[in-house]
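The following exercises concern helix packing, domain contacts and model confidence. Each task is followed by a solution that proceeds step by step.

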Amino acid sequence: MAELFHETGASGWANSSAYWMPYTARNGFNRDPRMIKGARGCYFISDDDRQIFDGLSGLWCCGFGHNRAEIAEAVNRQLQVLDYSPAFQYGHPSVFKLADRLTQIAPASLNHVFFTNSGSESADTSLKLARAYWRMRGQPSKTRYIGRIKGYHGVNFAGTSLGGIGANRRLFGHLADADHLPHTLRVEDAFTRGQPQGGEELADHLEQLVMLHDASNIAAVIVEPMSGSAGVIVPPSAYLARLRALCDKHDILLIFDEVITGFARTGGAFGADTFGVIPDMMNLAKALTNGVIPMGAVLTNDEIYDAFVDEQQPDHMIGMPHGYTYSGHPVACAAALAALDIFEQDDMVGRAQRMAPLLEETLHQLKGLPYITDIRNVGMAGALQIAPRDADPLVRPYELGVRCFAEGLYVRWGGDTLQFAPPLTCTSNDLERMGDVLKKVFRTLK
Ligand SMILES: Cc1ncc(COP(=O)(O)O)c(C=O)c1O
């Protein structure tokens with residue numbers, strides 16, 4: 001690819017429609033291709049050899065920095081020993097080891113790990129497990145799911161249905177039996193640093209959904225502890241605890257989608273730690289392998305696992321008929337184990353906590369610049385909300401994102417927001433540089 005790339009040049013490739021690009025505004029890309037040919041540490045290298053600060057850790061996944069030699073070596077070693085092992089009916093040592101290590105760092109009750117290959121597959125898996133769990137418990141009518149407006153759970157059938165970002169759903173129709181809680185973005189919280197206060201009343205909407213559908217028909221509530229893709233919507237301080245209490249009251253499973261919030265992004269090891277609420281299932285992906293090899297996971301408590309895996313079952317019986325060819329792929333496991341070593345040995349939780357005030361300051365010092373209507377942050381995540389132009393909320397974030405890239409900063413634009421999640425390994429100089437680019441592009445924005 002590298003040689004071909006040099007032969008053809010960026011625009012030669014970029015205009016080829018053979019590659020159907022995911023979530024990409026293709027005309028804008030063709031006009032102004034943004035090509036990345038390398039990465040090191042906290043920086044991408046563009047095709048024209050510029051250093052681009054990675055303001056979103058790739059897509060929230062490379063939190064420990066790019067091209068970590070420890071992960072590359074572990075992957076290389078694994079490829080020479082066992083390139084693939086059948087996921088069904090057979091095991092290999094590193095998948096057991098990885099599950100064990102994940103349960104050691106996860107909140108205490110989450111003792112079992114089901115491996116997937118992405119965040120979207122983790123959404124499907126956890127939601128299927130929820131339905132099957134109630135069926136196993138003799139309550140087969142508990143099939144409906146509750147998501148949240150502005151939520152994002154990937155793009156498979158379940159995630160599309162439970163997500164609450166209109167643009168991701170409206171082309172695809174009604175794909176699952178789903179309803180939604182209101183989002184937690186309150187106008188009065190604009191420019192709050194960290195968690196806003198209160199928020200029980202937002203969780204209390206679950207009571208209305210229970211009145212509407214009846215708890216006997218509801219399998220699970222799925223939320224991101226902090227909405228990432230909708231632009232870092234930080235849960236108010238009392239919200240998640242109230243949601244947990246209501247799920248307990250009505251016998252509804254609570255699933256945290258921690259695909260973004262896992263592995264120290266919000267300052268605790270998981271969002272569950274940062275916000276002090278433990279779900280029944282926790283979905284992971286992204287930073288699980290530091291983004292190097294696709295991998296996801298669903299962690300469950302004993303109650304759920306025990307509903308499917310029981311010592312009384314005959315030897316040939318499969319308790320949970322679900323799994324992927326690449327569940328627990330040995331090469332992904334090698335990457336994840338090496339990433340976990342980095343997570344622990346380099347004290348990523350401590351790093352995130354030390355750097356978080358600097359990211360907070362970098363973003364909140366932008367208050368007062370044109371068109372910024374809100375600034376939000378928690379841990380090493382943050383977002384700017386941008387005023388619409390001519391009633392179109394998408395145009396300014398797009399222009400800002402494109403201009404940031406031209407100035408040496410990669411950020412994600414999504415809806416009416418710009419989103420930030422720099423590598424936890426970044427320095428104060430990196431953040432200062434990011435702040436300077438942002439000031440420059442906002443001051444010249446129409
Ligand atoms: C909270 C959340 N869940 C699920 C997903 C989907 O993950 P993937 O793109 O790996 O399928 C994402 C991706 O951004 C996410 O942020």
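**Exercise 1: Helices α5 and α15**

In this predicted model, describe which residues of α5 meet which residues of α15, and determine how the two helices are oriented.

Solution.
- Step 1. From α5, the residues Glu 70, Ile 71, Ala 74, Val 75, Arg 77, Gln 78 and Leu 79 meet Pro 330, Val 331, Ala 334, Ala 335, Leu 337, Ala 338, Ala 339, Asp 341 and Ile 342 of α15.
- Step 2. Sorted by class, this contact of α5 with α15 comprises twelve nonpolar, one polar and three charged residues.
- Step 3. Helix α5 spans residues 69-81 and helix α15 spans residues 330-345; they pack at about 150 degrees, and their axes are 8 Å apart.
- Step 4. Angles over 145 degrees count as roughly antiparallel. The helices α5 and α15 are therefore roughly antiparallel to each other.
- Step 5. The crossing in which α5 passes α15 is right-handed.

**Exercise 2: Helices α6 and α15**

Is the crossing of α6 with α15 left-handed or right-handed? State also the geometry and the residues of the contact.

Solution.
- Step 1. The axis of helix α6 (residues 93-105) comes within 9 Å of that of α15, and the two cross at roughly 35 degrees.
- Step 2. The crossing of α6 past α15 is left-handed.
- Step 3. Ser 94, Val 95, Lys 97, Leu 98 and Arg 101 of α6 meet Pro 330, Cys 333, Ala 334, Ala 336, Leu 337 and Leu 340 of α15.
- Step 4. The residues of this contact divide into eight nonpolar, one polar and two charged.

**Exercise 3: Helices α16 and α18**

Determine how α16 is oriented with respect to α18, and which residues make the contact.

Solution.
- Step 1. Helix α16 (residues 348-364) packs with helix α18 (residues 428-443) at an angle of about 15 degrees, the axes being 9 Å apart.
- Step 2. Angles under 35 degrees count as roughly parallel, so α16 is roughly parallel to α18.
- Step 3. In passing α18, α16 makes a right-handed crossing.
- Step 4. Leu 358, Leu 359 and Thr 362 of α16 form the contact with Ser 428, Leu 431, Met 434 and Gly 435 of α18.
- Step 5. By class, the contact of α16 with α18 holds four nonpolar, three polar and no charged residues.

**Exercise 4: Two domains**

Which element gives the most residues to the side of domain 1 that touches domain 2?

Solution.
- Step 1. The domain assignment places 34-64 + 347-443 in domain 1 and 71-345 in domain 2.
- Step 2. The centres of domain 1 and domain 2, taken over C-alpha atoms, are separated by 26 Å.
- Step 3. In domain 1, 32 residues are in contact with 30 residues of domain 2.
- Step 4. Two or more residues on this side of domain 1 come from each of α4 (57-60), α16, β11 (372-378), β12 (381-386) and β15 (417-420).
- Step 5. The most come from α16, with seven residues.
- Step 6. By class, this side of domain 1 has 15 nonpolar, 13 polar and four charged residues.

**Exercise 5: Confidence**

Where does pLDDT stay under 50?

Solution.
- Step 1. The average pLDDT of the chain is 95, and 97% of the residues score at least 70.
- Step 2. Over residues 1-7, pLDDT stays under 50, and the model has four contacts beyond four places in sequence for them.
- Step 3. Where pLDDT is low, predicted coordinates should not be read in detail.

Terms used. Residues are numbered from 1 along each chain as its sequence is written. This is a predicted model: local features need pLDDT of at least 70, side-chain atom pairs count only at pLDDT 80 or more; totals for chains, interfaces and linings use all residues. Axes are lines fitted to C-alpha atoms, for helices over the stretch in contact, and angles run from 0 to 180 degrees between N-to-C directions. Helices (H or I, at least four residues) and strands (E, at least two) are DSSP runs, numbered from the N terminus. Angles under 35 degrees count as roughly parallel, over 145 as roughly antiparallel, 65 to 115 as roughly perpendicular and the rest as oblique. A crossing is left-handed if the near helix is turned anticlockwise from the far one by less than a right angle, and right-handed if clockwise. Two residues are in contact if their C-beta atoms, placed from the backbone, lie within 7 Å. Ala, Val, Leu, Ile, Met, Phe, Trp, Tyr, Cys and Pro count as nonpolar, Asp, Glu, Lys and Arg as charged, and the others, Gly among them, as polar. Domain bounds come from an automatic or database domain assignment. pLDDT is the predictor's confidence in each residue, from 0 to 100.
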